[in-house]
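Please open the model in your viewer and keep a selection tool at hand. The tour below moves from one selection to the next and says what is to be found at each stop.

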Amino acid sequence: MESWYPKKGRVIFHVDMNSFYASVEMAYNTKLKGKPVAIAGNPEERKGIIVTSSYEARKKGIRTTMPLWEARKLCPELIVLRPNFDKYRMASKAMFTILSDITPFVQPVSIDEGYMDITECENQGSPLEIADRIQTRILEELDLPCSIGIAPNKFLAKMASDMKKPMGITVLRKRNLSTKLWPLPIEEMYGVGKKTAAKLYEMNVYTIEDLVSADSYQLKRVLGINGERLQNRAKGIDPSPVDPEAVHEFKSIGSSETLPQDTTDELEIKKLFRQLARNVERRLKRKQSVGQSVQITIRYDNRKTITRSRKLPNYIENEDDIMGVSFDLFERNWNQQPIRLLGITVQDIEEKQDVAQQLNLFTYEKEAEREKLYQAIEHLTDKYGKNPFIKPKGIEQENQPRTSFQKDFLDDYKQ
Amino acid sequence: MKFIIQREPLMESVQNVIKAISSRTTIPILSGIKIEATNNGIKLTGSDSDISIESFIPIEENGIVYVEQIETGSVVLQAKYFPEIIRKLPDKTVELEVDEKLKVTIRSGSAEFSLNGQDAEEYPMLPQIHNEDSFDLPSDMLKDLIRQTAFAISTLETRPILTGVNVKAIDNNLYFVATDSHRLASRQIPFENQTLGFSSVVIPGKSLNELNKIIGDTQENVNICIMQNQIMFQTKNVYFLSRLLDGNYPETSRLIPEQSKTIVYVSTNDLLRAIDRASLLAKENKNNVVKLVTKPNNQLEVSSNSPEIGRVLEEVTAKHINGEELKISFSSKYMLDALKAIDSDQVKIEFTGAMRPFIIRPTENDQILQLILPVRTY
């Protein structure tokens, strides 16, 4: 059995839930099984887009981010549901609990996928047996399908889980790269988006194999440090660890929304900015965080999209501050063309407890009133060594690995 | 139009007026410099409609001839190229000539540039301010007032009024006050002029900073005149016009604590250098925080701690420490800015508690006040 595990090196799983939201809906309502089902934000309005769809719907050509009206044209019998994030979070949490029964080294990447490092799990069976057990448990206990990739590192595991869907278990070994990985078109490589792909085409890199043999100096010049990283990954090298804490490090918090109609009406624009600022404030508060940079996104009617950001001298967290900076950025950068979508993202996020709070001349008296309380806490902290009054921060603070809320942007479809 | 001019005074004037010119202007002609030749001399104008600057080069000054062979007229030249051309011309004199097609020829030594000009008729007229309600300040004092306060303006647009310096006349005193809501800088000077047509205005900090670069460190008077939404500063050869900020400046005097619990007397330079050293590590932590603790025997402990880098600790001997023990944290940047502005060997720092603003003043007078809000570490 031990021969399944390498003497040196690691065994990494990538567990990827298959059409997660649609599958969760089907688990709740088994009548939906075998039917084309899609989850879409705002089924009524024109801005409704497909968030995810079942395999039956995908067979008809339905794709994620497709506008709803287009999807309905392709598949008139499509069953469209509004997302229900509470359900998905619950299912996600149950899924990660199953993973963490195997090993504490679980790194959630998003609500429906995560990595596991099972290098030390020899006593539980071969990697294939463990993968099979995970897949079976998730299917039997949660009625949800998933695909699992098994490889010596995270990148290869991620590529492997993509190779057979739904309900696949794929092993990707280094010695199989030339036949299994390298023939793939470059845009199917994890980490290569549209923009990177376009730059790679310019260098005559069309497949992963082309990337392996590309000139590394030129790659570095065109794509920076990321070029080097991508080439290493293509060669099967990815030293990044499975980090259970990574999910706690969120670097930005944002909110964006499409307008009901493309507009140049400044009042309407301002109203949306105000609403976005309020969303961002709410999420910052939920995470007990503050941020030092603000970035806005403007998408015009011709889909051209720009982002502009500003680093601030101080950390901010309030709607008014976020609004002020965002709208100022907007006024400086708007070219007066009709706008389709606006977004605000607060970056350089720190948890409040790590940041000293700069008091404000106009509001310090409110804080100062609490000085006696703070002094008492400090006194007790000195006495007992640790602040006895750190308050629990709500439901998300539990000892099980959390589902990722980096995909927090999906909250936009809530309301 | 035609004239021959000394390159150096021309260069100086060009550098004055380009401070007002922005490449991003909604009125295209404002991206140019207007040049006017009259029988008295040459006048250059630059403007971005918030700030307008005129700089005048007289025919002669103190017996030195600057301009010769004047044929009157005017033209507007692209500010993008003109300054660099003048800077790099080979000779000490420059000849500038405009033909009827607005083609501008610049000759110096053996170099000759030919540039397309624009019609000066299209350049907007600057508002003319009448000098009836004006007052004078010596140029070096005005520079001090700006230097000691304007650094504290807000750079955020969230409260636009705080991007300006509040100038007000109260009880025979003239005050300059600036705050970004985390620190406040205030300077007052005795001021007898009671016939002023204003009590309080807010001048954009950017305007004052540009003005500060243009006016000389001399005792020559600057004439200041305020009208509705504009303020004008005039020296012998420079006319500087800025718009004023709209709105009411917050009343800050009541926010300044009147009694204190701990008073520290210390050498400005000793404290400044200790804070500067502590800030080397403070730059890495959030908000540049340094900590100050009073110790027995007139010792002040200055420290900063960045868990990933390391820590620094230093004791500074104060002249005197009065009152309660104190532990306080604040931004090293704000402290350094304030100490640099104070212009005095010894400072008096008055604290009212770790979560209340503290005040730094020169020991010997009350004319400068620097106030800083501490940070609360969680």
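This is a predicted model, and the tour begins in chain A with helix H8 (residues 194–202) and helix H10 (residues 216–223), whose axes come within 11 Å of each other and cross at roughly 140 degrees. Because of that angle, H8(A) counts as oblique to H10(A), and the crossing in which H8(A) passes H10(A) is right-handed. To see the contact itself, select Thr196(A), Lys199(A) and Leu200(A) on H8(A), together with Leu219(A), Val222(A) and Leu223(A) on H10(A). Coloured by class, the residues of this contact of H8(A) with H10(A) fall into four nonpolar, one polar and one charged.

Staying in chain A, select next helix H1 (residues 20–28) and helix H4 (residues 85–102), where the axes come within 10 Å and the crossing angle is roughly 95 degrees. H1(A) is therefore roughly perpendicular to H4(A). From H1(A) the contact draws on Phe20(A), Tyr21(A), Val24(A), Glu25(A) and Tyr28(A), while H4(A) contributes Phe85(A), Lys87(A), Tyr88(A), Met90(A), Ala91(A) and Ser92(A). In this contact of H1(A) with H4(A), eight residues are nonpolar, one is polar and two are charged.

Now display both chains and turn to the contact between them, which takes 29 residues from chain A and 31 residues from chain B. The area buried between chain A and chain B is about 2,800 Å², with carbon and sulfur atoms giving 59% of it. Which three residues should be selected for the part they supply of the area that chain A buries against chain B? They are Gln358(A), Leu361(A) and Phe362(A), which supply 25% of that area, more than any other three residues.

The last stop is in chain B, where eight strands form an open antiparallel sheet in the order S8-S2-S3-S4-S19-S18-S17-S12. At its edges lie strand S8 (73–78) and strand S12 (135–138) of chain B, each of which pairs on one side only. Neighbouring strands of this sheet are turned by 20 degrees against each other on average, direction ignored.

Within the sheet, select strand S4 (residues 51–58) and strand S19 (residues 238–243) of chain B, which pair in the antiparallel sense over five bridges, and find Ser52(B) opposite Leu241(B) in S19(B). Then add helix H1 (residues 7–18) of chain B, which packs on the sheet by touching strand S2 (32–38), strand S3 (41–47), S4 and S19 of chain B, its direction making about 170 degrees with that of S4(B). Finally, helix H3 (residues 139–149) of chain B also packs on the sheet, touching S12, strand S17 (221–227) and strand S18 (230–234) of chain B, and its direction makes about 80 degrees with that of S12(B).

Note on methods. Residues numbered from 1 in each chain as written. Chains lettered and ligands numbered in written order. Predicted model: local features only at pLDDT ≥ 70, side-chain atom pairs only at ≥ 80, totals over all residues. Heavy atoms only, no water. Pairing = 2+ DSSP bridges. Helix = DSSP H or I, 4+ residues; strand = E, 2+ residues; numbered from the N terminus. Axes fitted to C-alpha atoms, helices over the stretch in contact; angles between N-to-C directions. Contact = heavy atoms within 4.5 Å. Parallel < 35°, antiparallel > 145°, perpendicular 65-115°, else oblique. Left-handed = near helix turned anticlockwise from the far one by under 90°. Nonpolar A, V, L, I, M, F, W, Y, C, P; charged D, E, K, R; others polar. Buried area = accessible area lost by both parts, 1.4 Å probe.
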